[in-house]
Amino acid sequence: MRMIGHHIYDRFLCPALDKACSQEPVMEQRARLVPQAEGVVLEPGIGTGLNLSLFDPGKVKTVIGIDPSETFLHVARERAQDAPVPVELTQGTAERLPLEDNSVDTVLLTYTGCTIPALASALAEFRRVLKPSGRLLLCEHGRAPELLVRGMQTVLNPFWKLFAGGCNLNRDIARELEKAGFSIEHMENFYLMPRPKFATWHYFGAARPA
Ligand SMILES: C[S@@+](CC[C@H](N)C(=O)[O-])C[C@H]1O[C@@H](n2cnc3c(N)ncnc32)[C@H](O)[C@@H]1O
């Protein structure tokens, strides 16, 4: 029954999320980040595969996309057919990756660190599967610097989470990375759009296993 509930929820959520996550300013950030990926790439929470057309075939060997939602994966499979790189898609969660230790060159995390329920466990998994020379590339939204915006994030979070597929507004992504043993190589923080401020404070950058 719970599975059917999830499926129906995803059927409504999928087109809305795909639209929100493919707005022009969002796609511009993807276009800056995704071509940096190289080697064996893991994309946890690949969703509908909005990054797939942006990989550099000269740098990427294969993309392994993992997502718990079969509805999202269905759309990603269609996009994978036109991708410039080989793509493997698997149903699963970031907290329990079906991958060997030290087997991945790049973890690409876009707009998913907000949603993964047990983020600390997922980050530990990313460290486990990343080669010591590997990198985690990220473009996420999260906890804003201003007190007023942060207050709104705290108040709105329970409702937002309910209607936005489990997305949290108030995660401090940089802090979570450091707590999980990543060292931040570079990090840009900015409001992607003027409004709504509570949902557009961005973390864009790269981290390595410390
Ligand atoms: C806002 S969407 C982002 C999708 C995609 N990364 C993008 O950039 O468009 C969040 C994604 O996280 C996925 N997700 C939720 N829980 C997850 C988990 N435990 N492990 C991995 N992905 C998860 C959702 O199914 C959804 O596809």
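Is Ala 118 buried, exposed or partly exposed? Select Ala 118 and have a look; bear in mind that this is a predicted model. Ala 118 counts as partly exposed, because it has 13 C-beta neighbours inside 10 Å, while a buried residue needs 20 or more and an exposed one has 12 or fewer. You'll find Ala 118 in the loop between strand 4 and helix 4. Now add Glu 95 to the selection: 23 residues separate the pair in sequence, yet their C-alpha atoms are 6.7 Å apart in space.

Next, helix 4. Select residues 119–129. Buried here are Leu 119, Ala 122, Leu 123, Glu 125, Phe 126, Arg 127 and Val 129. To see what covers these buried residues, show strand 1 (39–44), strand 4 (104–110), strand 5 (130–141), helix 6 (173–179) and strand 7 (201–209), which are all part of the cover.

Keep Phe 126 on screen, as it leads into the largest nonpolar core, a set of 44 residues. Phe 126 is one of the members that touch the most others, along with Ala 37, Val 41, Val 107, Leu 108, Leu 136 and Leu 138. Click on Leu 108: beyond its neighbours within four places in sequence, its contacts are Val 34, Ala 37, Val 41, Glu 43, Asn 51 and Leu 137. Apart from this core sits another, of 6 residues, including Ala 144, Val 149, Leu 169 and Ala 199.

Last stop, the ligand. Its surroundings comprise 21 residues, and the closest are Gly 45, Gly 47, Thr 93, Ala 94 and Thr 110. Colour that shell by class and you get 11 nonpolar, 8 polar and 2 charged residues.

Notes: Residues are numbered from 1 along each chain as its sequence is written. This is a predicted model: local features need pLDDT of at least 70, side-chain atom pairs count only at pLDDT 80 or more; totals for chains, interfaces and linings use all residues. A residue is near a molecule or strand if its C-beta atom, placed from the backbone, lies within 6 Å of it. Ala, Val, Leu, Ile, Met, Phe, Trp, Tyr, Cys and Pro count as nonpolar, Asp, Glu, Lys and Arg as charged, and the others, Gly among them, as polar. Helices (H or I, at least four residues) and strands (E, at least two) are DSSP runs, numbered from the N terminus. Two residues are in contact if their C-beta atoms, placed from the backbone, lie within 7 Å. A nonpolar core is a set of buried Ala, Val, Leu, Ile, Met, Phe, Trp, Tyr and Cys residues joined through C-beta atoms within 7 Å.
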